[in-house]
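Reader: Could you walk me through this structure? I am new to it and would like to go slowly.

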Amino acid sequence: MRVLVTGGAGFIGSNFIRHFLTAHPDSEVVNFDLLTYAGNLENLRELEHEPRYEFVKGDIADDKSVTNVMRDVDAVVNFAAESHVDRSIHDPRAFIRTNVLGTQVLLTAARERDVSRFVQVSTDEVYGSLGPTGAFTEETPLAPNSPYSASKAAADMLVRAAFHTYRAPVIVTRCSNNYGPFQFPEKLIPLMIANALEGKPLPVYGDGMNVRDWIYVGDHCEAIDRVLEAGRPGEIYNVGASNERPNLDIVRRILSELKKPESLITYVKDRPGHDRRYAIDSTKIQRELGWKPKHSLDDGLRETVQWYLDRRAWWERIRTGEYLAYYKKQYGSDAT
Ligand code: NAD
Ligand code: DAU
């Protein structure tokens, strides 16, 4: 099977490509990525000379290059996106172009090329915010609250329309918050690890009691692999590992793992429209496709902290230039 992976130079996409090529020795992967600030070929350096792997630089919103790269592929997994909520609050335009228009361009080309499977990697954020109890199921109505989640919900609707109108072989996955190796240090866990290691303040939004449901990236990749293999076209599969934690709890665990003082925690202005709580019910994928997460939050966090300790040069190189300008805009101070 030859799979087109879009956004494969980012966090989850690069973990997925590594997993997929190992798990399927007869498979080939084409990684199509625009290499935005979040794309980094260093994430897949060890595959540079792998004959079953090819990298093509390009934009999923560009019809011509998408039609070209879609030649001879059996399946598509679409990870490519603008993915950071805070950046979408500053300026939603790139989110609409990539996440909405880009998804439609891919869907159209996949239909023209008669691709036999299309997995759209969506997010639990399309469901909006939960009260103190309950969890999102695949039937929960969509209620996105940020420009990022609204753009992902719009993409989900286009995928739905492709199934209903053209019977396209499309499937949507909606996963909760990922963490693990190669996550860009603008997201909560890698940001807190990097700041703690440099003795910088750890900026916690609001009261720190917003709840996220954490999953190790490798478990998410295995879920996508199962969906690609055995998911039913037209269906949605929620993916999560039932690890709900308030942000403050996660930040404290990181500090304790690194033996750094809690005095580094700094409460900052809340994110506008900040969703209070996410929790995913993943019964459907567990029952139908036999997937289940393998990493406990304790083990996954420990491994992740160790990875950022071992790969200091990776994140130090990122925390320069554009990153510092973004950091200043978002937090009002320099990261370094
Ligand atoms: P990321 O920001 O780390 O990576 C995104 C990648 O997409 C980058 O390599 C970037 O260069 C590429 N890209 C951006 N615009 C592009 C374009 N126009 N054309 C081609 N490539 C482009 O994101 P991530 O955290 O790895 O998320 C991947 C996908 O998973 C996204 O669709 C996101 O919505 C979804 N998701 C993420 C999480 C999470 O916790 N990170 C959870 C659920 C779902
Ligand atoms: O739920 C899935 C989503 O998870 C994905 O669709 C998104 O692509 C991904 O970015 C993530 O979104 P969040 O907004 O939940 O992740 P983030 O790491 O930005 O924030 C996690 C929580 O931590 C959230 O409640 C906001 C808070 N936070 C975040 C940052 C960056 C802070 O308190 N301080 C910070 O500096």
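Author: What follows is a conversation about helices, cores and empty spaces in this model, which is a predicted one.

Reader: Let's start with helix 1, then. How many of its residues are buried?

Author: Ten of the 13 residues of helix 1 are buried, so this helix is largely enclosed by the rest of the structure. Among the buried residues are Phe 11, Ile 12, Phe 16, His 19 and Leu 21.

Reader: And what covers the buried residues of helix 1?

Author: The cover includes five strands by name, namely strand 1 (2-6), strand 2 (28-33), strand 3 (53-57), strand 4 (75-78) and strand 7 (177-179), and it also includes helix 7 (217-230).

Reader: What span should helix 1 have, and how far apart are its end C-alpha atoms?

Author: With 1.5 Å a residue, the 13 residues of helix 1, residues 11-23, should span 18 Å, and the C-alpha atoms at its ends are 19 Å apart, which agrees.

Reader: Okay, changing topic. Which residues touch the most other members of the largest nonpolar core?

Author: Those are Ile 189 and Ile 193, in a core that has 34 residues. Elements giving two or more residues to this core include strand 8 (202-205), strand 9 (211-216), helix 8 (247-258) and helix 10 (297-310), while the largest share, seven residues, comes from helix 6.

Reader: What does Ile 189 touch, leaving out residues up to four places away in sequence?

Author: On that count, Ile 189 touches Tyr 179, Trp 214, Ile 250, Ile 254, Leu 301 and Thr 304. There is also a second, separate core of 32 residues, and Ile 12, Phe 16, Val 121 and Ile 215 are included in that one. Ile 12 and Phe 16 came up earlier as buried residues of helix 1.

Reader: Now for the empty spaces. How many cavities of 30 Å³ or more does the structure hold?

Author: The structure holds one cavity of that size, and the space in the largest cavity is about 60 Å³. Its lining includes Val 85, Glu 125, Arg 212, Arg 271, His 274 and Tyr 278, and by class the lining residues divide into four nonpolar, four polar and four charged.

Reader: What about the second largest pocket, what volume does that have?

Author: The volume of the second largest pocket is about 270 Å³. Its lining has 17 residues, and those that lie nearest the centre are Arg 160, Arg 174, Gly 234, Glu 235 and Ile 236. Sorted by class, the lining of this pocket has eight nonpolar, two polar and seven charged residues.

Reader: Which element gives the largest share of that lining?

Author: Helix 5 does, with six residues, and strand 6 (170-175) is also an element that supplies at least two.

Reader: Staying with helix 5, is Ser 151 buried or exposed?

Author: Ser 151, which lies in helix 5, counts as buried because its relative accessibility is 1% and the cut-off for buried is under 20%. Leaving out residues up to four places away in sequence, Ser 151 touches Phe 95, Ile 96, Asn 99 and Val 100.

Reader: One last residue: where is Lys 328, and what is its relative accessible area?

Author: Lys 328 is in helix 12, and with a relative accessible area of 46% this lysine is partly exposed. Between Lys 328 and Tyr 205 there are 16 Å in space, C-alpha to C-alpha, although the two are 123 residues apart in sequence.

Methods. Residues are numbered from 1 along each chain as its sequence is written. Chains are lettered from A and ligands numbered from 1 in the order in which they are written. This is a predicted model: local features need pLDDT of at least 70, side-chain atom pairs count only at pLDDT 80 or more; totals for chains, interfaces and linings use all residues. Side-chain values use heavy atoms; hydrogens and water are left out. On a 1 Å grid over the protein atoms alone, a cavity is a set of points where a 1.4 Å probe fits but cannot get out, and a pocket is an open set with protein on both sides within 12 Å along at least five of seven lines; lining residues have an atom within 4 Å of a point. Grid points are joined across faces, edges and corners, and a volume is the space filled by probe spheres set on the points. Helices (H or I, at least four residues) and strands (E, at least two) are DSSP runs, numbered from the N terminus. Ala, Val, Leu, Ile, Met, Phe, Trp, Tyr, Cys and Pro count as nonpolar, Asp, Glu, Lys and Arg as charged, and the others, Gly among them, as polar. A nonpolar core is a set of buried Ala, Val, Leu, Ile, Met, Phe, Trp, Tyr and Cys residues joined through side-chain atoms within 4.5 Å. Buried means under 20% relative accessible area, exposed over 50%, partly exposed in between (1.4 Å probe, protein chains only). Contact means heavy atoms within 4.5 Å. The expected span of a helix is 1.5 Å times one less than its number of residues.
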